[in-house]
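Biologist: Please take a close look at one part of this model for me, the place where protein and DNA meet. A plain account will do, with any other points worth knowing added after it.

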2 protein chains.
Amino acid sequence: MSELALDKHLSGLDEILDKSARLMAQLGYHGTSMRDLAQVTGRSLSGLYHYFNSKEELLFLINQRGFTSLLEMSRHLMLQDISPDRRLSGLITNHVTYFIDHLNEMRIMTSGSQEMNDQRSQILWQLKEEYARLGQQIVGTYMRAETGIDYPANIISRKSFLLYGMMNWIFGWYSPQSHGDATEVAADIFRTFTHGCTTVN
Amino acid sequence: MSELALDKHLSGLDEILDKSARLMAQLGYHGTSMRDLAQVTGRSLSGLYHYFNSKEELLFLINQRGFTSLLEMSRHLMLQDISPDRRLSGLITNHVTYFIDHLNEMRIMTSGSQEMNDQRSQILWQLKEEYARLGQQIVGTYMRAETGIDYPANIISRKSFLLYGMMNWIFGWYSPQSHGDATEVAADIFRTFTHGCTTVN
DNA sequence: TAAATTAACGAACGGTCGTTCGGTTGACTA
DNA sequence: TAGTCAACCGAACGACCGTTCGTTAATTTA
């Protein structure tokens with residue numbers, strides 16, 4: 001009866017999105033059939049269509065839920081009155097922690113939105129765009145604070161993508177046994193991004 | 001009649017692998033049908049099966065060809081008698097240049113090998129493993145040369161994955177107009193990885 | 001208690017999937 | 001000149017795809 005639990009005792013749409021994301025992360029969107037999803041969610045094939053109108057909409061909902069969560073964390077971070085380097089550190093910690101806690105959804109979210117109709121992919125594009133914009137703002141402010149230089153937008157943009165690359169590649173290699181928890185990974189990414197790989201500890 | 005040309009005048013299997021990779025990079029493996037591949041390669045559906053025995057084998061061949069090329073570049077790099085930082089710089093330049101010149105194949109290669117049978121995925125796993133091993137060796141040697149410290153394997157491993165993350169995320173954002181050519185991107189990744197984001201020029 | 005809404009189901013639809021089969025070219029070889 | 005073989009094709013196979021339909025319990029609302 002608890003509202004939050006460590007083990008997922010979700011119900012309804014949230015449970016379906018979670019279990020669908022887990023399977024789609026393994027098999028891919030096209031590789032996962034509605035019959036597969038019916039099985040892992042413990043429902044009938046036709047029963048799934050009570051929660052969404054099409055398989056494509058299910059994919060959209062998974063993406064929308066994830067990007068909205070990420071964006072809210074960044075918006076909250078921008079409201080805090082902290083130094084540029086603590087803001088950058090917060091961005092990285094937020095992103096990496098969310099990433100490791102939601103590896104399945106993130107694998108889907110980072111694989112593009114080619115399969116969606118124009119309206120839906122535009123909504124996702126706006127979410128991603130604002131999330132990226134906030135990230136570039138944080139990176140640019142940090143670089144300006146460290147060096148006193150106002151770098152052109154394309155330089156800041158490229159640096160930001162390198163940072164997102166380090167973070168988004170996590171699903172390709174991360175294992176908690178050998179690489180530590182989210183906090184440790186986030187700290188390593190922060191150190192590497194700000195001062196290079198030889199600043200280990 | 002030239003053996004190498006800027007425009008692709010390939011024939012046979014190489015041409016099929018190239019055009020298939022291009023389409024699969026857009027639509028995904030499961031999202032691309034054999035009929036789609038027949039159309040873009042200018043062949044009949046059944047005619048494709050002259051070159052491979054199954055759609056899965058086609059995916060394997062695309063992956064094998066790419067990873068073998070990457071691995072050969074790294075092996076060649078290890079034979080050269082150069083300093084650790086020039087070796088690291090060479091690794092990054094090789095990888096980034098190959099990545100940008102083969103964006104389609106790389107998109108497929110970085111999306112895993114879940115759809116392949118055990119034997120094939122094991123062959124690819126060995127190729128990836130050796131490529132990653134050489135990368136970690138180069139990174140570890142560089143860090144040791146810079147700091148005089150022998151870092152534990154899991155630290156080096158994690159740092160290497162951050163580097164590969166910066167490089168492999170390229171397909172998510174790269175556009176030659178605003179981000180420069182492969183050489184410029186490689187130089188930025190090298191600077192960022194070795195000395196941090198504030199070392200821009 | 002009656003009505004309305006939610007959540008679920010089995011069965012079936014037309015279409016597309018990967019693959020196979022039997023055959024036909026045309027260039028090279030013995 | 002007969003034989004071989006790589007290259008290629010149209011047609012069809014059974015399986016699976018996403019989706020829809022009509023229906024039925026269970027729960028909530030009036």
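Modeller: In this predicted model, 16 residues lie around DNA strand C, and those that come nearest are Ser44(A), Ser46(A), His50(A), Tyr51(A) and Lys55(B). By class, the surface near strand C is made up of eight polar, four charged and four nonpolar residues. Looking from the DNA side, 47% of the strand C atoms within 4 Å of the protein belong to sugar or phosphate, and the rest belong to bases.

Some individual contacts to the phosphates of strand C can be named. Lys55(B), one of the residues that come nearest, has a side-chain N or O atom 2.6 Å from a phosphate oxygen of this strand. Two contacts use the protein backbone instead of a side chain. In Met34(B), a polar backbone atom is 2.8 Å from a phosphate oxygen of strand C. In Thr32(B), a backbone N or O atom lies 3.4 Å from a phosphate oxygen of strand C.

DNA strand D also has 16 residues around it, and here Lys55(A), Ser44(B), Ser46(B), His50(B) and Tyr51(B) come nearest. The surface near strand D divides into four nonpolar, four charged and eight polar residues. Of the strand D atoms within 4 Å of the protein, 49% are sugar or phosphate atoms and the rest are in bases.

The phosphates of strand D have contacts from both chains. From chain B, a polar side-chain atom of Tyr51(B) lies 2.3 Å from a phosphate oxygen, and a polar backbone atom of Ser44(B) is 2.4 Å from a phosphate oxygen. From chain A, the side chain of Tyr49(A) has an N or O atom 2.9 Å from a phosphate oxygen of the strand.

Away from the DNA contacts, two further points concern the protein itself. The first is helix H7 of chain B, residues 153–168. Its 16 residues should span 22 Å at 1.5 Å a residue, and this agrees with its end C-alpha atoms, which are 22 Å apart. Of these 16 residues, 14 are buried, so H7(B) is mostly covered.

The second point is the cysteines. A disulfide is a covalent bond between the sulfur atoms of two cysteines. The count over all chains is zero disulfides. Cys197(A) is in none, and the nearest cysteine sulfur to its own, that of Cys197(B), is 14 Å away. That distance is too far for a bond, because a disulfide needs the two sulfur atoms within 2.5 Å. Cys197(A) is buried, with a relative accessible area of 0%, and Cys197(B) is buried with a value of 0%.

Note on methods:
Residues numbered from 1 in each chain as written. Chains lettered and ligands numbered in written order. Predicted model: local features only at pLDDT ≥ 70, side-chain atom pairs only at ≥ 80, totals over all residues. Heavy atoms only, no water. Buried < 20%, exposed > 50% of the residue type's maximum accessible area, 1.4 Å probe, protein only. Helix = DSSP H or I, 4+ residues; strand = E, 2+ residues; numbered from the N terminus. Expected span 1.5 Å × (residues − 1). Near = heavy atom within 4 Å. Polar contact = N/O pair within 3.5 Å; in protein donor to acceptor, adjacent residues only side chain to side chain. Nonpolar A, V, L, I, M, F, W, Y, C, P; charged D, E, K, R; others polar.
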